[in-house]
Amino acid sequence: MASKTKAPKTKPAKNYKHPESESPMRPEVGTQAQFKKKLPPKTYRYDSSLSPSLDWDGKNPAREQGEALIRQTLDAKTLEEAKVAASKLKAMSKPFLNWAGKAERLSFDVPTLPLFIHERLSTKAILETLKGHRFDRNQETMFDLWGDPQHSVTDQVLRAYEYQDKWVNRMILGDSLVVMNSLLRYEGLGGQVQMIYIDPPYGVRFGSNFQPFIRKRDVSHGDDGDMTREPEMVQAYRDTWELGVHSYLGYLRDRFLLARELLSATGSIFVQISDENMHHVRELMDEVFGSENFVSAVTFAKTTSATSENLASTNDYLLWYARNIDQLKYRQLYLDKEFGGQGASAYTWVELADGTRRQMTNEEKTDPALLPPQARIFAIDNLTSQRPPGDFPVEFRGRVYRPKRGYWKTGEEGMERLKQARRLEPSGDYLRYVRYLTDFPVFPLTNLWPDTSIAGFTSEKLYVVQTTPKVIQRCIQMTTDPGELVFDPTCGGGTTAYCAEQLGRRWITVDTSRVPLALARQRLLTATFPWFELKDEARGPVGGFIYASSGESVGNWRAQC
Ligand SMILES: C[S@@+](CC[C@H](N)C(=O)[O-])C[C@H]1O[C@@H](n2cnc3c(N)ncnc32)[C@H](O)[C@@H]1O
């Protein structure tokens, strides 16, 4: 008799709730007139002790401050108290960056405005249009993955900014300072952002830092025809440029101060800058974020060639600071070793198919295609270290070797295994370790990125001052995990949002101009995301997608101002 086989008991799948993937419910722009939850402007203050004036001339408050700290040190009851006062005194004697208007601006007010939704770009809606009339019930739940919450007008007026809602990525039109204040005060995003990428105008030739028209990428500095017609941009120019580099530094300092509030304890901020103002911006960041939180200055290639009367510049910089260096989240990235390239210059030996080994010829070094078939490229590496275990004689090919300096990196047993595995090779009086190029085909990324230039400079760019995606991808990957929030208050062509979307991070981006936002919107809508697999390549998205049983919800985003 055939036995009845019971279907295995399976546990019903439960919804997994991402605790971090919520944000406050926001009102639509149509409800603006009824929106009553106004907040007062917020005052931000600078720590004046960070930029004391060094001339203790009797008129300056720094003198009083200094004398008070000396008194505190002398009167301290504990060593700890004395140390705190002394280190504050020490900080006062450090050099600092000063500019016109800095001392007068120890605090500033920012209006606290709500962010209204102007447009919802819902992946669900796009997919539903594509699937046309052939509606399959099972797909309904699938499409919910990309669902966009719909709220009644009453809900929006009564519940906006008081109730939690599903997370959506956002593109916001507005001044970065005001928007950051809204994110802090209305949306409670203080301490929630894992990475901030800022690519501000570089503080030189401001006219060519902005693209005033969608279809005009060859923007020239100081040309009337290239001037913006947007009032917000005129204001941004004026705020940034009234006193030239002096107001530029004030503009950046204000934004850094609010950016710092948004960062999580493990978070990072990257500021992209050119060599003209890199030194000033670094000092500014030292002041706001603390020099102890400096992580690195990355040099990255921006173009393959440039002309100059003197030495041409082909690179830009990233100044990277941690919110708190002791808690910094850092993921080491690796690059592929390429023969003759970065990280592989020592690989100049070759092992032939019959096992014989020799140094490469000069021709083979310049053209590895000349190497015999099945040849294995290797380097001969150091086999000694400053610390034990090994200090013993090793007999190899009729000769006895000892570690010349220090110790062998391995004990006698390990050395025997290396011998058996043909991992030893003599070089003069030294015995060395054979390291094949394929053993560890990657090397750690450092702060020099020569592989990030865009050939032809503007040819592949949508926006005139667009950053190469590789640069921002690396910053995201080094400092965030999937699902974490990335923020860029200088959206431009939307490279940060684009990279964050591709890497499964949440994002918010801001620009004061409609031109870059329109370009970024188009770029995101028409981008190809590698995890969407088409069922039928020939038919495109209309043919449907191949779905995995679990996946991340990506693609909901909204335009706001
Ligand atoms: C150099 S671009 C950024 C380019 C971007 N990294 C990309 O890959 O496309 C700087 C952007 O900052 C914007 N911007 C300048 N001042 C601003 C402000 N006060 N608030 C918001 N955006 C601002 C400009 O409109 C410009 O689009």
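Start at the ligand: select the 21 residues that surround it in this predicted model. The closest are Asp199, Thr490, Gly492, Gly493 and Thr495, so-labelled sticks on those five make a good opening view. Colour the shell by class and you get eight nonpolar, ten polar and three charged residues.

**From the ligand to H13**

Keep Thr495 selected and extend to helix H13, residues 495–502. Thr495 is one of the closest residues to the ligand, and Thr495 also belongs to the H13 side of a helix contact.

The partner there is helix H12, residues 469–479. Fit the two axes and they come within 9 Å, crossing at roughly 55°. Angles from 35 to 65 degrees fall outside the parallel and perpendicular classes, and H12 and H13 are therefore oblique to each other. H12 passes H13 in a right-handed crossing. To see the contact itself, show Pro469, Ile472, Gln473 and Ile476 on H12, then Thr495, Thr496, Tyr498, Cys499 and Ala500 on H13. Six of these contact residues are nonpolar, three are polar and none is charged.

**Across H13 to H14**

Stay on H13 and bring in helix H14, residues 514–525. These axes also come within 9 Å, but the crossing angle is roughly 20°. That makes H13 roughly parallel to H14, and their crossing is right-handed. Select Ala497, Tyr498 and Glu501 in H13, which meet Ala520, Arg523 and Leu524 in H14. By class, this contact has four nonpolar residues, no polar ones and two charged. Pause on Tyr498: Tyr498 appears in the contact with H12 and again in the contact with H14.

**Over to H6 and H8**

Next, select helix H6, residues 176–185, together with helix H8, residues 245–262. How do their axes cross? At roughly 25°, coming within 10 Å. That makes H6 roughly parallel to H8, and H6 passes H8 in a left-handed crossing. On the H6 side, light up Ser176, Leu177, Met180, Asn181, Leu183 and Leu184. Facing them on H8 are Asp254, Arg255, Leu258, Ala259, Glu261 and Leu262. The mix here is seven nonpolar, two polar and three charged residues.

**Last stop: colour by confidence**

Switch the colouring to pLDDT. The protein chain averages 81, with 74% of its residues at 70 or more. Which element scores highest? Strand S7, residues 193–198, at a mean of 98. At the other end is helix H4, residues 137–144, with the lowest mean, 51.

Two stretches are worth selecting separately. Over residues 53–58 the pLDDT stays under 50, and the model has seven contacts for them beyond four places in sequence. Residues 549–556 also stay under 50, with 14 such contacts in the model.

Technical notes. Residues numbered from 1 in each chain as written. Predicted model: local features only at pLDDT ≥ 70, side-chain atom pairs only at ≥ 80, totals over all residues. Near = placed C-beta within 6 Å. Nonpolar A, V, L, I, M, F, W, Y, C, P; charged D, E, K, R; others polar. pLDDT = per-residue confidence, 0-100. Helix = DSSP H or I, 4+ residues; strand = E, 2+ residues; numbered from the N terminus. Contact = placed C-beta atoms within 7 Å. Axes fitted to C-alpha atoms, helices over the stretch in contact; angles between N-to-C directions. Parallel < 35°, antiparallel > 145°, perpendicular 65-115°, else oblique. Left-handed = near helix turned anticlockwise from the far one by under 90°.
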